[in-house]
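Me: I am new to this structure and would like a close look at one part of it. Please walk me through it in plain words.

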Amino acid sequence: MLVHIVDDNDTNLMLFEQLALRTGPDVRVVTYADPVAAYEACRRDVPDMIVVDYMMPVMDGHQYVEAVRKLPGLRDVPIVMVTAAAERSVRQKALELGVTDFLAKPVDPAEARLRFSNLLALRRGHLQLRDRNRWLADEVRKATITVVQREQELILRLSKAAEFRDPETGAHIVRMARYSELIARRLGQDEEYCALILKAAPMHDLGKLGIPDGILLKPGKLTDEEFLVMTRHPEIGHEILRGSESHLIQFGAEIALTHHEKWDGSGYPNRLRGEDIPLSGRIVAVADVFDALTSERPYKAAWPLEKARKLLEDGAGSHFDPACVAAFLVEWDAVMKIREEVADEAVVIY
Ligand SMILES: [Fe+2]
Ligand SMILES: [Fe+2]
């Protein structure tokens, strides 16, 4: 506990110093005959209690208290003002300026020591409460991070579950999520949106959990009837994810539902057109198709990059949102880097 004593009278300084030191072994006292020097010291190091005389040259007790209360961290520090008993208006003004307590002259040493010790106890309680609040805020922050991590882990595991039944690989999910993030960033979306789409895009095909194996794993082309069943996966995915309190899962539901819509209104399931399709669905459509084309699958070889790029260019304005295609192509170097970093064999999902 640091105590400042501010008084132009040396005898008083010594008396108050002795009294303050007797309030506890952890008490340190610094005395100031000059209030301006005391004020400067408060700027450097916040005291835990201030004892200040009212009658001082240059700066009186009022001016001192008024100035000190404005300093950072000094709003709650107890201040005791030493005044002559008769000075009623002085006391009232001092209270208005934020003085905590008074000592009447002539000072009774026993009373002074008790007041000091009460005010320092108050200060200790205040500091403990502040530390506890800081500690609690820190714990809440840590717990929140844990919850968010758990949520992400569950989403990845759920997406893995879908992949067990799907010929698409884990690497596909990582790449298409990172392409989605690239497009979102290039389109000028904020950091929060970019982070969200990166985490939510892996959920796009979750609905394939609800598609029978005979159709999902069929090596050849699907019949019209089978294709119709396959086109239910966006709605199934949406059904699995919708209604969550989690912003991330809500976003995943939106992506699951809309990633097969097409810009010209010929997609499924709702034949949405243009900007009626949520941006997330338009972004993921580009990222998902590009990666599916350029990946090797049991039933097909990977397309050459130029051919896949051409398909995006040709599809801009019909299948895809032209702005999303343009954003993707501008980021071509970054796309190539992601392909290198996330090779098919690099991600093993078991
Ligand atoms: Fe899909
Ligand atoms: Fe996909």
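What do the side chains of D314 and K310 meet in?

Reply: Happy to help! This is a predicted model, where local features need pLDDT of at least 70, side-chain atom pairs count only at pLDDT 80 or more, and totals for chains, interfaces and linings use all residues. Residues are numbered from 1 along each chain as its sequence is written, chains are lettered from A and ligands numbered from 1 in written order, and side-chain values use heavy atoms, without hydrogens and water.

D314 and K310 meet in a salt bridge, 3.0 Å from N to O (a side-chain nitrogen of Lys or Arg within 4 Å of a carboxyl oxygen of Asp or Glu). Both residues belong to helix α13, residues 305–315, and sit four residues apart, about one turn of the helix (helices are DSSP runs of H or I, at least four residues, numbered from the N terminus). K310 is partly exposed, because its relative accessible area is 46% (buried is under 20%, exposed over 50%, partly exposed in between, with a 1.4 Å probe and protein chains only).

This pair has company: the whole structure holds 22 salt bridges. One of them joins E139 and K142 at 3.2 Å, N to O. These two are three residues apart in helix α5 (residues 109–164), so about one helical turn separates them. E139 is partly exposed at 31%, and K142 is partly exposed at 43%.

R186 and E331 make another salt bridge, at 3.1 Å, N to O. R186 lies in helix α6 (residues 170–186) and E331 in the loop between α14 (322–330) and α15 (332–341), so this pair ties together parts 145 residues apart in sequence. R186 is partly exposed at 45%, while E331 is buried at 17%. Finally, D101, E111 and R115 are linked in a salt-bridge network.
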